Amino acid sequence: MFKPFIHSNFLLQNSIAEQLYHETAKKLPVIDYHNHLYPAYLASNHRFDNITQLWIIPDQYKHRAMRLNGIPEQGITGSASDKQKFLNWAHTFPKTLGNPLYHWSSLELSRIFGINNLLHPGNAEEIWETCNALLQTEGFSSIELLRKFQVELLCTSDDLLADLQPHISTSHLHGVQVLPSLRGDSMIEIDRPGFEEWLAELSQQSKVAIDSLEAYQEAIRIRLDAFELAGCRFADHALPPGFAFESTPDWMANSLFQKQLSDDALTGAESISLQSYLLVFLGKEYAARSMALQLHVGAQRETSARLLGLVGGAGGFASIGKGADIASIARFLDTLEQETLLPRVVLYTLNPADNEAFASLTGSFTEDGVAGKVQFGPAWWYNDHYSGLRKQLTDLASYGLLHHFIGMTTDSRSFLSFSRHEYFRRVFCNLVGEWVEQGHLPSDITMLQSLITAVCYGNIKNWTSNTTTIHVPERK
């Protein structure tokens, strides 16, 4: 009898893996603590008109693959019809063998639409019609799609000035908790184009006249208070490859901020100094609010000026950057720790050469009575493929404590990307099963189930429900 590609034991290659997945991992709810879903779609329980709008338009991974396959940009992100974009993806999909897109896309069609036939140009019309018809029925709205993936809670990525009302109105309304997560880059990149306009909007929202660094910090605090009230648990900063940190005194930061306000361009060294100061300020504020700090390090975002002009900065054409400056990251964390204001931290690297360094750094900054305060985050972006997931798990186990790992997150704009949690759980269970078979772990199913439960659900459940507030001295 024909065995479909996606079957019950997909990626599970031994009996221990099968038992761990089917009896434990499969049943656990999903908490996705970092994604880029559109909050208004969740608040309105949005319905998608067709499979392209759900599956292809928001997915930069697919866009990248189609470009690699020679599809013109017009047929990817341009003016081509939704149907044509879907057909272009159907033409590309069979060529993604060996890429995680082949596994993810197969899982998505199987789990959500019950389609186990592999997509190709010959069946694309039929799959297009089947998916579109299902999307108009009960069970396929935004929230209902998340329920199919057993999503309990998710955290979107939101600028400091974002409207938080969709999160407030969505909270528990549909049985899926939706919390904001602060994307903090706009507060740090003070020399970027458009900062003046952003600053004016911050002044308007906070009702603070921003004419000094102190006023800027006060305006930021007002918006951070709004995020805290909306249930924000995480703040996120993207650090460039080779991120540099310089300890900056107050007087220097004040002077540099005034220089920026006067439209006098900062030098490269001055920009690093002011950004370092602001990062420390924000780290303290996050600690005071029990927000975890996520640091995404190592993406080379400046690549094709042509694609940047066509599709914008999040268009799927960034690449892996050079290795991180571990000394700078350590100095930044140490600066916060010395003032007992180090928040919980998640370190992500896009360069797998940094895996061991990041995994070992988790043991360099600890707190009495707090398990896993600094995390080596999950395999991120270009690393969340089969071997990348295994490498991250193995490196973390070798240099840290795997049992306290907070698990997988999608970091995606697509509602169907929650299949990556199943993918991660299958890879994880299989890896643990291999370790048992090889004699590296005891065949103690109770102990192993405890590990699977902690990593796939329990640890991040504790993080997202943590309400412990660090004492901060009164503002002067």
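**View 1. Gln 150 sits in the loop between α8 (142–148) and β2 (151–159).** This is a predicted model, in which local features need pLDDT of at least 70, side-chain atom pairs count only at pLDDT 80 or more, and totals for chains, interfaces and linings use all residues. Residues are numbered from 1 along each chain as its sequence is written, and side-chain values use heavy atoms, leaving out hydrogens and water. Helices (H or I, at least four residues) and strands (E, at least two) are DSSP runs, numbered from the N terminus. Gln 150 is not a glycine, yet its phi is positive, at about 65 degrees. With 36% relative accessibility, Gln 150 counts as partly exposed. The scale runs like this: buried is under 20% relative accessible area, exposed is over 50%, and partly exposed is in between (1.4 Å probe, protein chains only).

**View 2. Asp 411 and Ser 414 share a setting: the loop between α18 and α19.** Asp 411 is a residue other than glycine with a positive phi, near 50 degrees. Its relative accessible area is 16%, so Asp 411 is buried. Ser 414 is buried too, with a relative accessible area of 1%. What does Ser 414 touch, not counting residues up to four places away in sequence? It touches Leu 37, Leu 54 and Pro 58. Touching here is contact, meaning heavy atoms within 4.5 Å.

**View 3. Asp 395 lies in helix α18 (residues 386–399).** Is Asp 395 buried or exposed? Asp 395 counts as buried because its relative accessibility is 8%. Leaving out residues up to four places away in sequence, Asp 395 touches Asn 355, Glu 356 and Ala 359. Ala 124 is 271 residues apart from Asp 395 along the chain. The C-alpha atoms of Asp 395 and Ala 124 are separated by 40 Å.

**View 4. Helix α4 (residues 60–68) is mostly covered.** Seven of the nine residues of α4 are buried. Among them are Tyr 61, His 63, Ala 65 and Met 66. Lys 62 and Arg 67 of α4 are buried as well. Which helices do the buried residues of α4 pack against? They pack against α3 (51–55), α5 (82–92), α6 (100–113), α15 (305–311) and α19 (419–437).

**View 5. Cys 429 and Cys 456 do not form a bond.** Why is there no bond from Cys 429 to Cys 456? The sulfur of Cys 456 is the closest cysteine sulfur to that of Cys 429, but it is 6.0 Å away, too far for a bond. A disulfide is a pair of cysteine sulfur atoms within 2.5 Å. The structure holds zero disulfides. Cys 429 is buried, at 0% relative accessibility. Cys 456 is buried, at 8%.

**View 6. The close-ups belong to a protein with 20 helices and nine strands.** The radius of gyration is 23 Å, close to the 23 Å that the globule rule gives for 476 residues, so the protein is as compact as a globular protein of that length. This radius is taken over C-alpha atoms, and the rule is 2.2 Å times the number of residues to the power 0.38. Along its principal axes, the C-alpha trace spans about 75 × 55 × 40 Å. Of the 476 residues, 57% count as buried. Among contacts with a separation of 6 or more, 78% come from residues 24 or more positions apart.
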